[in-house]
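Student: I would like to go through this structure step by step, with the terms explained as they come up. Can we begin?

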Amino acid sequence: MSQAPEPPPAAEEPAARESGTQALDRALNVLLAFRTGTVERKVSDVSRELGLHKSTASRLFRALADAGFLQRNDETGAYRLGVTVFELGARFLAGLDMHALARPLLHELAQTEGESVNLSIRDELDALSIYIEHGSRNVQLVSRLGRRIPLWCSAAGKALLLDLDDEQIRATFADTRFTRLTPNTITDLDTFADRMREVRERGWALNDEESEEGLRVVAAPVRDRLGHVTAAISVSGPIFRLDEARVAELAAAAARTADELSRQLGHGVGAIWGD
């Protein structure tokens, strides 16, 4: 019995040029296909994934390679992201402005929760306020831009120390005089180290009238693209309004905002850049 003839090869797509918009959309989809899966991708796999004819995908791959967006492995015939992608990504990271990115997020948090919101960074052993959004509630505790509060008695300060383990905490504050600001201020290193263990377990920090009587503050860490704590977002209010349940709500809200700012700063992409 004679063998059945092989099916004819798939017909080539018409040679007519695609519209500029369609070609751009397809090229971008090819690049986006490299966000997941293996580092190197074959034309056939990507064309199948995107529903493109292989000849169309081949043209797109070649064009992207010519522009440096893709790089071909001559041994395997597969492609990986090219140096142009790295250059664009590096310029994106260099242009990130935490202050500008934080403003709309902190404004939304202050308006939603009604309490004052601060963005702070670490400067030596102080938490330094670099941006403030006042809330909409009737009683607002006054804070000022550029205010410094010791790390050990501020919520932002404790959040800024979340990268440090117990040994590093003790080394950092070994020669520190823990000045008492209120009856609740921590005044010794052992107590502070214990408190920081609680903060690390919880993932957010609390200032329970430790820097100012009548004031409670919660804070969450902001991380850069490598996962390092680079800032802290805090929400503050009077103790009569911030009971235990409200503290938990504000801590969750601060953490969501801090996570979003971290995402915009590139947190989570470090592995992509080889760091």
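Tutor: Two strands pair if DSSP finds at least two bridges between them. Strands (E, at least two residues) and helices (H or I, at least four residues) are DSSP runs, numbered from the N terminus. This is a predicted model, in which local features need pLDDT of at least 70 and side-chain atom pairs count only at pLDDT 80 or more, while totals for chains, interfaces and linings use all residues. Residues are numbered from 1 along each chain as its sequence is written, and side-chain values use heavy atoms, with hydrogens and water left out.

Student: How many helices and strands does the chain have?

Tutor: The chain holds 275 residues, of which 41% are buried. Here buried means under 20% relative accessible area, exposed means over 50%, and partly exposed lies in between, using a 1.4 Å probe and protein chains only. The count for the chain is nine helices and eight strands.

Student: In what order do the strands of the open sheet lie?

Tutor: The sheet has six strands with antiparallel pairing. β5 (148-150) and β6 (205-208) each have a single partner strand, so one side of each is left without a neighbour in the sheet. From one strand to the next, the twist averages 30°. The order is β5-β4-β3-β8-β7-β6.

Student: Which residue in β8 stands opposite Ser-116?

Tutor: β3 (residues 116-123) and β8 run antiparallel and are joined by five bridges. On its other pairing, β8 is joined to β7 (residues 215-223) by nine bridges, also antiparallel, and there Ala-220 has Ile-233 as its bridge partner. Opposite Ser-116 stands Ser-236.

Student: How many of the residues of strand β8 are buried?

Tutor: β8 covers residues 229-238. It is largely enclosed by the rest of the structure, because the buried residues number nine of the ten.

Student: Which residue in the hairpin of β7 and β8 takes a positive phi near 90°?

Tutor: That hairpin has five residues between the strands. The residue with the positive phi is Gly-227.

Student: Is Glu-209 buried or exposed?

Tutor: Glu-209 lies in the loop between β6 and β7, and has a positive phi of about 60° although it is not a glycine. Glu-124, in the loop between β3 and β4, also has a positive phi, near 60°, and counts as exposed at 65% relative accessibility. Glu-209 has 17% relative accessibility, so it counts as buried.

Student: Which side chains along β6 point to one face and are buried?

Tutor: β6 pairs with β7 over four antiparallel bridges, and Leu-206 has Val-218 as its bridge partner in β7. The side chains of β6 alternate: Leu-206 and Asp-208 point to the face where they are not buried. Those on the other face, which are buried, are Ala-205 and Asn-207.

Student: Which residues have the most contacts inside the largest nonpolar core?

Tutor: A nonpolar core is a set of buried Ala, Val, Leu, Ile, Met, Phe, Trp, Tyr and Cys residues joined through side-chain atoms within 4.5 Å. The largest one has 26 residues, and α6 (155-160), α8 (189-202), β7 and β8 each supply at least two of them. A second, separate core of 25 residues includes Leu-106, Leu-242, Leu-250 and Ala-254. In the largest core, the residues with the most contacts are Leu-161, Ile-169, Phe-173 and Phe-192.

Student: How are helices α5 and α9 oriented to each other?

Tutor: Axes are lines fitted to C-alpha atoms, for helices over the stretch in contact (heavy atoms within 4.5 Å), with angles from 0 to 180 degrees between N-to-C directions. The axes of α5 (residues 98-113) and α9 (residues 244-264) come within 10 Å and cross at roughly 155°. Angles under 35 degrees count as roughly parallel, over 145 as roughly antiparallel, 65 to 115 as roughly perpendicular and the rest as oblique. That makes the pair roughly antiparallel.

Student: At what angle do helices α1 and α3 pack?

Tutor: Residues 20-32 form α1 and residues 54-66 form α3, with the axes 10 Å apart. Ala-23, Arg-26, Ala-27, Val-30 and Leu-31 in α1 meet Thr-56, Leu-60, Phe-61 and Leu-64 in α3. Their packing angle makes α1 roughly perpendicular to α3. The angle is about 75°.
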